[in-house]
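Here are my notes for you to read alongside the model. Have the 3D view open and find each spot as you go.

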Amino acid sequence: YDSTTADGTAKNTIKLIVKFKPTSSNSNDGNIRSFLTRSNNSGSVNQLLSTKVRAINGHLPSVDVYPEDKDMVMNELKKDDNVLLVEEDFEIYKSPAIEEQKDEQQQYTTTTGNNLRRTLEEVEQYGNRLIQTNDILTTVSSHPNRFINTPVKVCIIDTGYNIDHEDLPKEAVTQTDVGYGSSFFDNDGHGTHCAGVIGAVGGNERGVVGVIPDENLFSFHIIKALNDEGIGTAFVMLRAIQGCIDNGSKIINMSIGSGFQSDIFREEFE
């Protein structure tokens, strides 16, 4: 890892993610640091005192250790009755986007500032027909007493969001910074693509029609948790998920994958 990574991992170290049991009192950075130094033998105390400890909303702390100390620290932490799980941080990648059939008369690509821009003549996504979005929206609007029209906040954790895109909502779009800079820039384009699938503006004769084409029915919260190559880490992703929750999101979209089976991720999702 490099000292410039979004999760702040110290140079030449490995980040460990620790999940305490619900009954544990180690709920803040100071207590976690004290716990880590108490829980290890004297040979590791000085090393742990120099590490960086961070916690996500009072739980899921992380600690940076040198590679040669990783196994020792993990084993010592696992012995403690307060600890439920310990895992090494791992990389997470964007999911490959499905290549749609291109029509040279309808599609062209340009770049504006730091954002990748793709402009289309407005077309309906094939997936909208498969899940019958028009029928659902018609049913909801036809029965206002049965289906209360309360805008829903949708959180997208990805490579960012092109706030200048002509076919995406601009009003009431919020963001959380987890270390990769402003979420309103997307040099990769993957996050903007995902946002368009969900909420591209309908009826504007541009781009595509989103699953929810009426921006009055929802709002976006954007978290850039993947870099410009579409790569991130588990720890940053967990911080992003907490950011979605803290900002009142009811739906979280993560078009990501990894070859690692994480018990901490499973615990958090459950």
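1. Start on the outside: Tyr126, Leu130 and Ile131 make a nonpolar surface patch of about 350 Å². Patch members need over 30% relative accessible area and no salt bridge, with like charges joined within 9 Å and nonpolar side chains (Val, Leu, Ile, Met, Phe, Trp, Tyr) within 5 Å. A salt bridge here is a side-chain nitrogen of Lys or Arg within 4 Å of a carboxyl oxygen of Asp or Glu. The areas come from the Shrake-Rupley method with a 1.4 Å probe, and for residues only the protein chains shown count as cover.

2. A word on the ground rules: this is a predicted model, where local features need pLDDT of at least 70 and side-chain atom pairs count only at pLDDT 80 or more, while totals for chains, interfaces and linings use all residues. Residues are numbered from 1 along each chain as its sequence is written, and side-chain values use heavy atoms, leaving out hydrogens and water.

3. Is Leu130 buried or exposed? Leu130 has a relative accessible area of 66%, so Leu130 is exposed (buried is under 20%, exposed over 50%, partly exposed in between, with a 1.4 Å probe and protein chains only). You'll find Leu130 in helix α4, residues 126-130. Helices (H or I, at least four residues) and strands (E, at least two) are DSSP runs, numbered from the N terminus.

4. Now the rings. Rings of Phe, Tyr and Trp (its six-membered ring) pair if their centres lie within 6.5 Å; planes under 30 degrees apart are stacked, over 60 edge-to-face, and the rest tilted. That rule gives 5 aromatic pairs. One of them is Tyr161 with Phe220, edge-to-face at 5.7 Å centre to centre and 65° between the planes. Tyr161 is in the loop between β9 (152-158) and β10 (174-176) and Phe220 is in strand β12 (residues 218-224), so this pair ties together parts 59 residues apart in sequence. Both Tyr161 and Phe220 are buried.

5. Phe265 and Phe269 also pair edge-to-face, at 5.6 Å centre to centre with 65° between the planes. They sit 4 residues apart in helix α8 (residues 263-269), which means about one helical turn separates them. Phe265 is buried at 10% relative accessibility, whereas Phe269 is partly exposed at 48%. Phe265 and Phe269 join Phe90 and Phe260 in one aromatic cluster.

6. Last stop: an open sheet of 3 strands, ordered β13-β5-β15, with antiparallel pairing (two strands pair if DSSP finds at least two bridges between them). The edge strands, β13 (231-233) and β15 (256-257), each pair on one side only.
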